[in-house]
Every structure is written in C-alpha cells, then in structure tokens.
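Colleague: Please pick one part of this model and take a close look at it for me. After that, follow the thread outward into the rest of the fold.

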Amino acid sequence: MQTYQGIAEQKFAAIANKKDALILGIESSCDETAAAVVEGGRRVLSNIIASQIEIHKRFGGVVPEVASRNHTLALPHIIDEALGDAGVRAEDLDAVAVTYGAGLIGALLVGLSSAKAFAYAQNLPLIAVNHIEAHVAANYLGTELTPPFVSLVASGGHTLLLDISSYNEYTMLASTLDDALGEAFDKVARVLGLPYPGGPNVDKLAREGQPNIKLYKTPKGVRSDLMLSYSGLKTAVVNYVHTLQQKGEPVPVADICASFSHEAIDLLAATAAQAMKKAGRDTLVLAGGVASNSYLRQKLQETGKENGFTVRYPEPILCTDNAAMVACRAYFMAAEGKGLAGLDLNAKSYLPFVAKESL
C-alpha cells in the first residue's frame, strides 16, 4: 500500500507535464486570509480574500495574536468558497500550495496547518512557497510575461531589486540598509495620526498636497552599490512634525505626505533605473503591496520612458497579499521539480535573501 508521501511525489512529478494543472493556494502571512485556485499558473479561477483591516484598525496596526485567531475562524470557509467559485472539487486539484514564510509566525502556522491537513486528506502534494517570490509571480497571472526582467519588490517588510533570469533563478541587485519603503510609509502615517493601514492613506493625501517641503537637508543620490535607506527620511518627517507641534503651528499633513512620497520614490525610481542598466534588461515589473502606490507607478513609468525600459505591474488586488500569487508561484516551481514539501514543513518568520539563489 502506497504511503501519502509516495502518492504526493507521483502527483507532483506529473505537474511538469500538465499545462492546465489546478493548484489551490493558501495565504495567511499577515492580516489577509486568502485561498485561490489557479489553472496552469496563469488563469485565475477564483481568488478569495478576507481582509482584517477593520478588525485591526482600532489598534492602529496588526496584532499578531488577533490575526492568527481570525485566520483560524475564516480559513475553512475561505477554502470552500475558493473551490466553489472555481467550480472544481477537491479531487480535481493537482496540488496545494501554501506560504510558509516570511510573515507573522502564528498567522503562517494557521495557513500551513490547514494546507497540510487538506493535502493529506486528499493525497495531494504540498508545495512550500516564499511570500516574496509569490509577489513577483503575481505578474504572470493573466499575462504572457516571461523572464528575463528586473523586479522591484516593495512590500511592508521588503524593498528589493531582483534580476529575474528565469522562472526559478534570480540575482539580488539591491535592498535596503534599514527600513523597507512600506515600513517607512506606515511610520510616517502614524506620526501624522493617519488611520491604519497607513501606506494607502499617505498615498491618498499625497495626491491632495504639494511636494514643497525639503525633508532631506542635502539631496540623496543613488549609491554605487544601489543600496537604499529610508530611516533618515522617516526621522526627518518625525523631526519636522515635532518642531511644528512645539511651536504651536499647524501641521500641513497633505504636503508632508506629498513631500515624503516624492523624496522616497524619486530615489527608488533612480535606483531602479541604474539597476536596469546594470542587469541589461528592458522590462521592470513591480511586486508587493506598495506597488499599488499611485505616485510610484507614475514615477516609474516616467523613468522608464526616459531610460528606454517598459514598466509592468499587476492589478491592485494582486499587489496586496492574495493566494492566487501563491498558486501561480507553486506552478512554476513544480514545472521544474522544485518546492515539494513534507508534512514536517515548518513556518519561518524570516527568509533570507542572498546574492544569488533559486527562486
């Protein structure tokens, strides 16, 4: 009698020769509970997301324990809904994919435990997916995009420039020395008293303000090693606001949002242009929640036209955390025999990025 692992290995190997493979993706790395079914790595049959924004808004940010409990309550129903919307049965699936890192450890464990149980019950292979790699893969959904290209990953905890040479290989071109861009947006929002989630609210107010405040005392240029830093800019905002408050002067929130956004993103766009030259690519793709920022998209489009490269990005629903990107990433891994995990797979809050490794 075959064991679960033996059956899973056979089914996993078959995906490489099945262009229409159906993969159930599960995502629970932070405060979105999500499940999706994707066919052939590109066609989204369902993409169900239960957001916890309203739950965490009262706390001004994500509370890990609260997030984990709500994932536990929501996930069984979300999986059922994803299968129902896709019009498939559990026995029609070819694999289950799950985010195992990076993220909030408790939240990850909820999704991982559910994926393991589902895979075991249905004798399906379990595919372990890196959350950041999934964000990059979101660009394949509903498109014909193929590597090579450079990807700018801008999410809550990561800001990276990656040279994607194939579906499963990359070279890291740059990252941040301190705060990620998304973290800086959230911290600025908190200083300005804006509600959670901070990033989108800063973006919204930036469109109403003028970038007329010089937060950096001296202009910041692109570093020779392409590394980025946002801690100083964040501190400049804090100091500017505190100085006005101590003087009893009004705080021009919209102008601060616009000024911060322009200084942060202008430097990022200039760095991305240098990374494109270094990699010798003609396409830049955005990935991650911050990729839906309106000024980031605008500035990169302008920079692309000036420097002769194309800029592409997913629709907004695929920029923020979702499970379709997880299923997509898993398909391209499985197509090259990568990613099969055992039932001993554990969650990891942090996954390191080194100069070169397989995606």
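Modeller: Happy to, and I'd begin with a bend: α3 has a kink of about 40° at Ala-74, shortly before the proline Pro-76. The bend at a residue is the angle between axes fitted to the seven residues ending there and the seven starting there. Helices (H or I, at least four residues) and strands (E, at least two) are DSSP runs, numbered from the N terminus. Some ground rules: this is a predicted model, in which local features need pLDDT of at least 70 and side-chain atom pairs count only at pLDDT 80 or more, while totals for chains, interfaces and linings use all residues. Residues are numbered from 1 along each chain as its sequence is written, and side-chain values use heavy atoms, with hydrogens and water left out.

What does the kink do to the end-to-end span of α3? The helix covers residues 64–86, and its 23 residues should span 33 Å at 1.5 Å a residue; the end C-alpha atoms are 30 Å apart, which agrees. That expected span is 1.5 Å times one less than the number of residues. Just after the helix comes Gly-87, with a positive phi near 70°.

Ala-74 is also one of the buried residues of α3, along with Ala-67, Ser-68, His-71, Leu-75, Ile-78, Ile-79, Ala-82, Leu-83 and Ala-86. Buried here means under 20% relative accessible area, exposed means over 50%, and partly exposed lies in between (1.4 Å probe, protein chains only). An α-helix has 3.6 residues a turn, so residues three or four places apart point the same way. The cover over the buried residues of α3 includes β1 (22–27), β2 (32–39), β3 (43–51), α2 (53–57) and α4.

One residue of that cover deserves a stop. Thr-33 sits in strand β2 and counts as buried because its relative accessibility is 1%. Its side chain makes a polar contact of 2.6 Å with the side chain of His-71. A polar contact is a pair of N or O atoms within 3.5 Å; within protein, one must be able to donate a hydrogen and the other to accept it, and residues adjacent in sequence count only if both atoms are side-chain atoms. Leaving out residues up to four places away in sequence, Thr-33 touches Asn-70, His-71, Ala-74, Leu-75 and Ile-78, among others including Glu-27 and Ile-48. Contact means heavy atoms within 4.5 Å. The kink residue Ala-74 is thus in the list of Thr-33's partners.

Moving outward, α4 (105–122) leads into a loop that ends at β5 (126–130), and Asn-123 is found there. Asn-123 has a positive phi of about 55° although it is not a glycine, and at 28% relative accessibility it counts as partly exposed. Leu-226, in the loop between α7 and α8 (231–247), has a positive phi too, about 65°; this leucine, however, is buried at 6%.

Two cis peptide bonds are worth checking in your viewer. One joins Pro-147 and Pro-148, with omega about 10°, and Pro-148 lies in the loop between α5 (131–137) and β6 (149–154). The other runs from Tyr-196 to Pro-197, with omega near -5°, and Pro-197 lies in the loop between α6 (181–191) and α7 (198–206).

Now to the interior. A nonpolar core is a set of buried Ala, Val, Leu, Ile, Met, Phe, Trp, Tyr and Cys residues joined through side-chain atoms within 4.5 Å. The largest has 50 residues, and Leu-152, Leu-161, Tyr-230, Phe-260, Leu-284 and Leu-300 touch the most other members. α9 gives the most to this core, 14 residues. Apart from it lies another core, of 40 residues, with Ile-23, Ala-95, Val-285 and Met-333 among them. Helix α12 (residues 324–334) is mostly covered, with 11 of its 11 residues buried.

Finally, confidence: pLDDT, the predictor's confidence in each residue from 0 to 100, averages 94 over the chain, and 98% of the residues score at least 70. Residues 355–359 stay under 50, and the model has 22 contacts for them beyond four places in sequence.
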